Every structure is written in structure tokens, then in C-alpha cells.
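Colleague: Please take a close look at a single part of this model for me. I should like the pairing there to be described first, and its surroundings afterwards.

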Amino acid sequence: MTYDKEAVKSQLDLGDLMGLPAGRGTGLVRCPFHNDRNPSCSVNRTKGVFNCKGCGVKGDVFDYFGLKRFGAGYDRRAHFSEVLQLAAVESGVAPSATPQGAKRPQKPTPGAAALADLALSLIHI
């Protein structure tokens, strides 16, 4: 299953996930990724990013789900498809009908056929 990354991101509010009070665009919250006694994690609801001054983690909504799922072993490249699926389930976004990154078949251009004929004629020399 594939999900539209932008559709998932637009349906999730990082401020709500991180515990930022409603109506506030930015602020400090207690970091959910370490034992934080005092708020040290800066959250920007409008940009959709967080940055913890205590443990150093930072990122967007996908990094939030990745860190919650994999902890310190989270690698965005290696785990992104699973993280996208977790975030999509949370946001309620349905899978895409066509695979992400799939390209439509292209028709050969008229010059391509002539070039192929020329290549074949040179091979037979």
C-alpha cells in the first residue's frame, strides 16, 4: 500500500501530537522522547517541526512517529515506509490508488525509432 505523503502530513497537527495547548502556534512542551521534568522541546505548529534542547531530537510529524515507534534506532531512510503507514492510519488517510512515483508508459518519439534503426544497422556492419 502506498500513501500520499503530503495528504497525510496535512491531516496531522504536530502541536496536538506533542501536547501543545490548543490555540498556540509555538511553545515549549515536555519532550516525549526522554524523561523531561521541565519543558525543553520547542514545537512550531505552523511549520510542523519540533526541536528538543534536552535530548537533541528534532524533525517533523514523520520523525515524531518514527521516534515513537523505533526510539533511538530510528533511521528516516530505512523506516520511512513503515512510519508513513503509521502516520496515515493515525490521520485516517486512505491508501493511494496508484503507487507513489509510478510513471505512465511513454510513447516512443518518432526520432527514437529512426535512432534504433540506425543503431541496428551499425551493429550488422
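Modeller: Asn51 stands opposite Lys58 in strand β4. This is a predicted model, in which local features need pLDDT of at least 70 and side-chain atom pairs count only at pLDDT 80 or more, while totals for chains, interfaces and linings use all residues. Residues are numbered from 1 along each chain as its sequence is written, and side-chain values use heavy atoms, with hydrogens and water left out.

The pair Asn51 and Lys58 belongs to the junction of β3 and β4, two antiparallel strands joined by two bridges. Strands are DSSP runs of E with at least two residues, helices are runs of H or I with at least four, and both are numbered from the N terminus. Two strands count as paired if DSSP finds at least two bridges between them. Asn51 in β3 is also the bridge partner of Ser42. Four bridges hold β2 and β3 (residues 49-52) together, again antiparallel. These two strands form a hairpin with four residues between them, and Gly48 in the turn has a positive phi of about 75°.

On the other side of the pairing, β2 (residues 41-44) runs antiparallel to β1 (residues 26-29), with four bridges; Thr26 has Asn44 in β2 as its bridge partner. The result is an open sheet of four strands in the order β1-β2-β3-β4, paired antiparallel. Because β1 and β4 (58-59) are the edge strands, each with a single partner strand, one side of each is left without a neighbour in the sheet.

Salt bridges come next. The term stands for a side-chain nitrogen of Lys or Arg within 4 Å of a carboxyl oxygen of Asp or Glu. The whole structure has six salt bridges. In one of them, the side chains of Asp16 and Arg45 meet at 3.1 Å, N to O. Asp16 lies in helix α2 (residues 14-18) and Arg45 in the loop between β2 and β3, so this pair ties together parts that are 29 residues apart in sequence. Residues under 20% relative accessible area are called buried, those over 50% exposed and those in between partly exposed (1.4 Å probe, protein chains only). Asp16, at 51%, counts as exposed, whereas Arg45, at 18%, counts as buried.

A further salt bridge joins the side chains of Lys9 and Asp60 (3.5 Å, N to O). Lys9 is in helix α1 (residues 5-11) and Asp60 in the loop between β4 and α3 (61-70), so that the pair links distant parts of the chain, 51 residues apart. Asp60 is buried, with a relative accessible area of 10%, and Lys9 is partly exposed at 31%. Asp60 also forms a salt bridge with Arg76, the closest N and O atoms being 3.0 Å apart. Here the distant parts are helix α4, which holds Arg76, and the loop of Asp60, 16 residues apart. Lys9, Asp60, Asp63 and Arg76 are joined into one network by salt bridges that share partners.

Helix α4 (residues 76-91) itself spans only 19 Å between its end C-alpha atoms, where a straight helix of 16 residues would span 22 Å; the expected span is 1.5 Å times one less than the number of residues. The helix bends by about 35° at Glu82, the bend being the angle between axes fitted to the seven residues ending there and the seven starting there. Its buried residues are His79, Phe80, Val83, Leu84, Ala87, Ala88 and Ser91.
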